[in-house]
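Please open the model in your viewer with the cartoon and the side chains switched on. The stops below follow one another, each with a selection to make and a note of what is there.

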Amino acid sequence: MSTIRKKKTEEQIRQKNMENLQNFCLFDDTYMTRFFDENIPCTEFVLQILMNKPDLRVEKTKSQVTIRHLEGRSICLDVYATDSRGKKYDIEIQRSDYGADPHRARYHSGMIDVDNLQTGQKFDELPDSYIIFITENDIWGQGDPVYQIERMNLTTGKPFEDGSHILYVNGTYRDGTDIGKLMHDFSCSNPSDMYYKVLAERASFLKEKEEGVAEMCKIMDKMMREAAADAVQEERYDFAENLLNMRKLTKEEIAQAANISVEEVEELAKELQA
């Protein structure tokens, strides 16, 4: 690529990144991840409102935390926090209703349990856990701000009290209460329109301050380049599949023409045969 074309492409990417950044709200995954990552004040403030506990103190928080399962499906938590009493919080921020499926909440709860009980520990040492889905839509359709899910002993009619808690937060909820204002701020793209100072300051840093904007643009640039590379690779695979279907070239010739490895061609051939 010529220098002038490269500069033009980079400028187009920068302009697109800036446009996307200004339109981002906390339901956008890329923005949300950087917004809360290792940011104790913002995570703590959100949990204080959602849990209705003004004295709740967060000691540790991290975004995009992977809990691995060696023989099954691993999970990646949007925001994973620990409070001063050792309680665990998994905050999942979801645009898609499907992303907040009850079975996913169950699985996340189980995986967090496994991650927090070591060999030799007693079962009653397992910390309380909270799986919190903040959904852009009111997926339960009742208009309530929060839907609290708890296990019950159906025979006695009393709570099971196993320390496992699931909450669904209605992102469409709006009123003058703390949670109504919080959901407004989650959907807000303009920092100056946000109710809460701690969230507005973080949004302003990422969208308006030179250091924050550079940080976000770097992340988005990397994502765009990775997406473009993936798209190119898919085109190569499609081209190789077309050549395989023609049955006129050897696998080595197809690999050279499509600019992929012979091993990849062989894998594509197996998939086509299947």
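Begin by selecting Tyr130 together with His165 in strand E8, which is the bridge partner of Tyr130. Widening the selection to strand E4 (residues 129-135) and strand E8 (residues 164-170) shows two strands that pair in the parallel sense over 7 bridges, where pairing requires that DSSP finds at least two bridges between the strands. The labels follow DSSP runs numbered from the N terminus, with helices (H or I) of at least four residues and strands (E) of at least two.

Before going further, note that this is a predicted model, in which local features need pLDDT of at least 70 and side-chain atom pairs count only at pLDDT 80 or more, whereas totals for chains, interfaces and linings use all residues. Residues are numbered from 1 along each chain as its sequence is written, and side-chain values use heavy atoms, with hydrogens and water left out.

Next, select the whole sheet, an open one of 6 strands in the order E1-E2-E3-E4-E8-E5, with mixed pairing. Its edge strands are E1 (58-67) and E5 (146-149), each of which pairs on one side only. On average, and with direction ignored, neighbouring strands of this sheet are turned by 20° against each other.

Now add helix H3 (residues 40-50), which packs on the sheet and touches E1, E2 (75-83), E3 (88-94), E4 and E8, its direction making about 95° with that of E1. Contact here means heavy atoms within 4.5 Å, and axes are lines fitted to C-alpha atoms, for helices over the stretch in contact, with angles running from 0 to 180 degrees between N-to-C directions.

Keep H3 on screen and show helix H5 (residues 178-186): the two axes come within 9 Å and cross at roughly 140°. H3 and H5 are therefore oblique to each other, on a scale where angles under 35 degrees count as roughly parallel, over 145 as roughly antiparallel, 65 to 115 as roughly perpendicular and the rest as oblique. Which residues meet between H3 and H5? Val46, Ile49 and Leu50 in H3 meet Asp178, Ile179, Leu182 and Phe186 in H5. This contact of H3 with H5 divides into 6 nonpolar residues, no polar ones and 1 charged, counting Ala, Val, Leu, Ile, Met, Phe, Trp, Tyr, Cys and Pro as nonpolar, Asp, Glu, Lys and Arg as charged, and the others, Gly among them, as polar.

Then exchange H5 for helix H6 (residues 197-208), which packs with H3 at an angle of about 140°, the axes being 9 Å apart. That angle makes H3 oblique to H6. Pro41, Cys42, Phe45 and Val46 in H3 meet Val198, Leu199 and Arg202 in H6.

Moving on, select helix H8 (residues 251-258) and helix H9 (residues 262-273), which pack at an angle of about 110° with axes 8 Å apart. H8 is thereby roughly perpendicular to H9. Lys251, Glu252, Ile254 and Ala255 in H8 meet Val262, Val265, Glu266 and Ala269 in H9.

Finally, colour the chain by pLDDT, the predictor's confidence in each residue, from 0 to 100. The chain mean is 90, and 92% of the residues reach 70 or more, but pLDDT stays under 50 over residues 4-8, for which the model has 1 contact beyond four places in sequence. Where pLDDT is low, the predicted coordinates should not be read in detail.
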